[in-house]
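Me: I'd like to go through this one by asking what earns each label. Ready to defend the terms?

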Amino acid sequence: MPLINLPAFAPDLVADLEARGTERVDTPVIQPAEPFLDMAGEDLRRRIFMTESETGKSLCLRPEFTIPVCLRHIETATGTPRRYAYLGEVFRQRREGSNEFYQAGIEDLGEPDVARADARAVGDAIAVLTNRLPGVSLSVVLGDQSVFEAVVAACGLPAGWQKRLVHAFGNQTQLQRLMDTLSNPAPSGIFGPEVERLAILGKLDDEATLIAHIDATMEATGYSTNASRSPADIARRLREKMELASTRLDARTLALLREFLALELSLADAPRALAAFAEKAGLSLGEALARFESRVAALREAGVDPSAVIYRAAFGRPLDYYTGLVFEITPERDPLVLAGGGRFDRLLTLLGARERIPAVGFSLWLDRIASVKEAAA
Amino acid sequence: MTITIGLPSKGRMKEDSSAILARAGFSVVAVGNDRSYRGRVEGRDDIEIAFLSASEISREIANGTVDFGVTGEDLVREGLAEADARVEFCARLGFGHADVVVAVPEIWLDVDTMADLGDVAADFRARHGRRLTIATKYWRLTQQFFSGNHGIQLYRIVESLGATEGAPASGSADIIVDITSTGSTLVANHLKILSDGVILKSEACLVRARKPEHEGNPVVAEIIDAVRGAL
């Protein structure tokens, strides 16, 4: 297939990726749509090009490379660690810009030294971009969901709320709205009339009675055979919800969370700032902070100057398979994302890998790099 | 230029929309026999009637083949991206009431709000090995409501073109998004509407295609004013 609009620097870029100890892989352009929709949610449907096979199987044009590369890894059952590189066309419905464009990148699967693998991903992305864009100043922003998780856990919030907050992390509006709701003095839980009736009958008092009641109702209504949520599931969460109904996010915790989320500073100063925050707040961030520090050290070893990287505490991706590091590289004073990456330790098991495979990677937007290159020339 | 109004081709919706137009002073008659899909307004050569199936009306308004249509707001908002930029809802006609709602099994005692549903959806995969599934024919409305209004991403839609209320009991989906007018079908199927789960309160509307040539057209203005006056 002739490659239209492939930037002239593509061969150099591939050579550069391959020189970083990677194996070049290709994946079919036409992919099963299910894994993408399953991982990213139904909202993705509007943004990809979907079609159907003759037998009714949902297919789509490859909207990105991470999932196909991971699926290929699982299918070929090659061991880890592996470093894969790719360059190819991806297809997305975009308001602005072309619907088909090139991406390249590296997926680093199964490296047990997390700090080292994180640092290598950031370092490789910066180096590869710098090699394509000599003389262009780049700005690197880094975030880490696991630090937020540690803060939320250390605040001693109920498990249900921790889950909600972590789930909303990366989506500013959603997170703000959630924090407002949780701190609102209005009742935070709404219970239906049936729950009130059960409360009067005393059927909520212990879990076994409640489970038995739910089970009997399911039987009576003919729902049980296909019920996805078991009586125990429902009873457990109902009791959780009742415990939370009278609790709310106190002003001090809310202020702490806000203070944390507002942190934005040089990565070189971030470990000290986080430690100071934790000490002042009386929180123990232990492990998460240690991992954060060792990543900064690993970045230095990989030749990345942490003082040239911005750490933004609120930066994350609201997808449940991103677990830690996220980063983005843009030209200085320009919001155009040239490279984006992160750690997705949960993705491979979600896609069907038998064992947990830690993974980190990044992808480059070739059309954007080309436009910056042109403007700089 | 002739102004074309698309009307439902059968049933209650056909009778009710003809009645409103008659009250507004536009008496609709079929061209040829009663089953004909073309109609006209008595004494008006500048207005044409096209009888269409309810679901086609929103599409015909969108591509501009008709200037006006009488159809449910739910069908327009489901059928068109950025509906408000492409059509104008000129009048709500007071019939064809139906709410598009999120309904879950009654026995989900712990789920009464979208926030509850968000919690359940978030760890559904970890507990059940798959995403939460929603049976619906309202793809667009569901996506907008779940992702846009409530930040819920992790669910899958299972298309359902009929008997959607039966999906949770038959195991083909966990919850549903569907229309209801009285709620009795939901109750009969042991489903309950979430307290903040009304996506849209729909009814039949007079809908205008936003066309530049409507600007300053006296017939367009006359139709809108007359229908509003007849309510």
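**What earns each label**

Reply: Sure, and bear in mind that this is a predicted model. Start with the sheet in chain A: 9 strands in the order 1-5-6-12-11-10-7-9-8, open, with mixed pairing.

Me: What makes strand 1 and strand 8 of chain A edge strands?

Reply: Strand 1 (23-24) and strand 8 (264-266) of chain A each have a single partner strand, so one side of each has no neighbour in the sheet.

Me: How do you know that strand 7 and strand 10 of chain A pair, and in which sense?

Reply: Pairing takes at least two bridges. Strand 7 (residues 138-144) and strand 10 (residues 325-331) of chain A have 7 bridges between them, in the antiparallel sense. One example is Leu138(A), whose bridge partner in strand 10 of chain A is Pro331(A).

Me: Which strands of chain A does helix 1 lie across?

Reply: Helix 1 (residues 10-18) of chain A lies across strand 1, strand 5 (82-91) and strand 6 (100-109) of chain A. Its direction is at about 155 degrees to strand 5 of chain A.

Me: Now the domains. How is chain A divided?

Reply: Domain 1 is 1-135 + 343-377, domain 2 is 138-184 + 249-331, and domain 3 is 193-245. The centres of domain 1 and domain 2 of chain A, taken over C-alpha atoms, are 26 Å apart.

Me: How many residues of domain 1 of chain A are in contact with domain 2 of chain A?

Reply: Contact here means C-beta atoms within 7 Å. By that test, 21 residues of domain 1 of chain A are in contact with 21 residues of domain 2 of chain A. On the domain 1 side, helix 2 (34-40), helix 4 (114-132) and helix 14 (347-350) of chain A give two or more residues each. Helix 4 of chain A has the largest share, with 11 residues. By class, that side of domain 1 has 13 nonpolar, 2 polar and 6 charged residues.

Me: What makes a set of residues a nonpolar core, and which residues have the most contacts inside the largest one?

Reply: The members must be buried residues of the nonpolar kinds listed for a core, joined through C-beta atoms within 7 Å. The largest such set has 91 residues, and Phe36(A), Ala125(A) and Leu364(A) have the most contacts inside it. Helix 4 of chain A contributes the largest share of this core, 9 residues. Domain 1 and domain 2 of chain A each supply at least three of its residues.

Me: What does Leu364(A) touch?

Reply: Leaving out residues up to four places away in sequence, Leu364(A) touches Gln103(A), Ala104(A), Gly105(A), Val128(A), Leu129(A), Leu338(A), Ala339(A) and Ile369(A). Apart from the largest core there is another, of 44 residues, including Ile214(A), Val111(B), Ile157(B) and Leu191(B).

Me: And the two chains: how many residues of chain A are in contact with chain B?

Reply: 34 residues of chain A are in contact with 28 residues of chain B. Helix 2, helix 6 (159-168), helix 8 (193-201), helix 9 (207-221) and helix 10 (231-245) of chain A each supply at least two residues to the chain A side. That side divides into 11 nonpolar, 11 polar and 12 charged residues.

Me: What order do the strands of the open sheet in chain B take?

Reply: The 7 strands run 2-3-4-1-5-12-6 in chain B, with mixed pairing. Strand 2 (28-30) and strand 6 (87-92) of chain B are the edge strands, each pairing on one side only. The twist averages 30 degrees from one strand to the next.

Me: Why is strand 5 of chain B called mostly covered?

Reply: A residue is buried if 20 or more other C-beta atoms lie within 10 Å of its own. In strand 5 (residues 68-72) of chain B, 5 of its 5 residues are buried, hence the label.

Me: How do you know which way strand 5 of chain B runs beside strand 1 and strand 12 of chain B?

Reply: The bridges give the sense of each pair. Strand 1 (residues 3-8) and strand 5 of chain B run parallel, joined by 2 bridges, with Gly6(B) opposite Gly69(B). Strand 5 and strand 12 (residues 204-209) of chain B run antiparallel, with 5 bridges, and here Gly69(B) has Val207(B) as its bridge partner.

Definitions and conventions. Residues are numbered from 1 along each chain as its sequence is written. Chains are lettered from A and ligands numbered from 1 in the order in which they are written. This is a predicted model: local features need pLDDT of at least 70, side-chain atom pairs count only at pLDDT 80 or more; totals for chains, interfaces and linings use all residues. Domain bounds come from an automatic or database domain assignment. Helices (H or I, at least four residues) and strands (E, at least two) are DSSP runs, numbered from the N terminus. Ala, Val, Leu, Ile, Met, Phe, Trp, Tyr, Cys and Pro count as nonpolar, Asp, Glu, Lys and Arg as charged, and the others, Gly among them, as polar. Axes are lines fitted to C-alpha atoms, for helices over the stretch in contact, and angles run from 0 to 180 degrees between N-to-C directions. A residue is buried if 20 or more other C-beta atoms lie within 10 Å of its own, exposed if 12 or fewer, and partly exposed in between; C-beta atoms are placed from the backbone.
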